[in-house]
Amino acid sequence: MKYANREGERWEEISGQDAFLEKLYSSVGGRMLVNILIQPWVSKAGGWLMDTRLSALAVPSVIRKYHMHPEQWEKNKFHSYNDFFTRRYKESERPINRETNVLISPCDAKLSVYTIDGKSRFRIKHTPYTVARLVENKRLAEHFRGGEALVFRLTVDDYHRYCYVDDGAKSSNHKIPGVFHTVNPIANDVEPIYKENAREYCLLHTNHFGTILMMEVGALMVGKIQNYHGAGKVCRGQEKGRFAFGGSTIVLLTEAGKVTIDEDLQKNSRDGYETLVKMGERIGIAVR
């Protein structure tokens, strides 16, 4: 995997999980197993297990493995692994940029930026996508032609709560049922995961960036996308929801000519690097 940070550093990193997933998705036997693992009942069963008190025994080793900082959290004792996974950070640890012309990241994640072409298509790694297939709505897809698709990939060590990126009004939530592939890019090279995975989206009619589509994508062992609000007024930095256990993804689609994504994020993406971002930090600026 290829990563970058906002300070200009770049590096490559292959984890044991990456190696395992590559073998799983690239072999015949592995693909047969994948067809079982991606079924919703498997993720629901995993979610049940992670809600048990026994699952809390895994928390200390995860904290050590990922060099986490418990002093940044509102609480340090957890009654289950999911309680730990959905922990809330202290407000001071995720300050929200309040400049009205600045687009903020909705979450902690590894970010990639893709341009939506004149036919409402974009490509993630080697896999082509259309906005119409992503949202299952051809008319809505036309709305984002020429804009940007921002893909925020969350991993186990990330903060799994997310926020609204601007003041404005949101639509009701639209749920699209599906399976639960891992969102690791290794799987995306084999399967069109964002067209197959269970997902949920709404439209944010923002005060400063036009209409933004915000989508949460479930993933392997993520049986729950927990969004808190229906249609109504929302505020920049307000918590929108959270993911239960597992990796997951948030996708933002922007309209053409409404926002310019920061150049370092664009360049990293062109070069095949995901950029580490934090909830509330600047990722772009409104076009005036």
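Here is a short chat about strands, cysteines, a pocket and two loop residues in a predicted model.

Biologist: Before we start, what are the ground rules on numbering and confidence?

Modeller: Residues are numbered from 1 along each chain as its sequence is written, and side-chain values use heavy atoms, with hydrogens and water left out. It's a predicted model, so to speak on trust: local features need pLDDT of at least 70, side-chain atom pairs count only at pLDDT 80 or more, and totals for chains, interfaces and linings use all residues.

Biologist: Is strand β7 largely enclosed or open, and how many of its residues are buried?

Modeller: Strands here are DSSP runs of E with at least two residues, helices are runs of H or I with at least four, and both are numbered from the N terminus. Buried means under 20% relative accessible area, exposed over 50%, partly exposed in between, with a 1.4 Å probe and protein chains only. In β7 (residues 148-154), E148, L150, F152 and L154 point one way, A149, V151 and R153 the other way, and all are buried. β7 is therefore largely enclosed by the rest of the structure, the buried count being seven of the seven residues.

Biologist: Which residue of β16 stands opposite F152?

Modeller: Two strands pair if DSSP finds at least two bridges between them. β7 and β16 (residues 248-253) clear that with six bridges, in the antiparallel sense. Opposite F152 in β16 stands I250.

Biologist: And on the β4 side, what is the bridge partner of L111 in β7?

Modeller: β4 (residues 109-115) runs antiparallel to β7, with six bridges joining them. One pair there is Y114 opposite A149. For L111, the partner is F152.

Biologist: Which residue of β18 is the bridge partner of A109?

Modeller: β4 is mostly covered, with six of its seven residues buried. β4 also pairs with β18 (residues 274-277), antiparallel, over three bridges. The partner of A109 in β18 is V277.

Biologist: What is the average turn between neighbouring strands in the open sheet of three strands?

Modeller: The order is β3-β19-β17, with antiparallel pairing. β3 (102-104) and β17 (259-261) are the edge strands, each pairing on one side only. With axes as lines fitted to C-alpha atoms (for helices, over the stretch in contact) and angles running from 0 to 180 degrees between N-to-C directions, the average turn, direction ignored, is 35 degrees.

Biologist: How many disulfides does the structure hold?

Modeller: The test is a pair of cysteine sulfur atoms within 2.5 Å. As for cysteine exposure, C202 counts as buried because its relative accessibility is 0%, while C235 counts as partly exposed at 44%. The disulfide count is zero.

Biologist: How do the lining residues of the second largest pocket divide by type?

Modeller: On a 1 Å grid over the protein atoms alone, a cavity is a set of points where a 1.4 Å probe fits but cannot get out; a pocket is an open set with protein on both sides within 12 Å along at least five of seven lines, and lining residues have an atom within 4 Å of a point. Of the 16 lining residues here, the closest to the centre are E91, R94, Y159, G237 and M279. Ala, Val, Leu, Ile, Met, Phe, Trp, Tyr, Cys and Pro count as nonpolar, Asp, Glu, Lys and Arg as charged, and the others, Gly among them, as polar. The split is seven nonpolar, one polar and eight charged.

Biologist: What is the phi of H67 near?

Modeller: H67 lies in the loop between α4 (59-65) and α5 (81-85), and is exposed at 63% relative accessible area. Phi is positive there, in a residue other than glycine, near 50 degrees.
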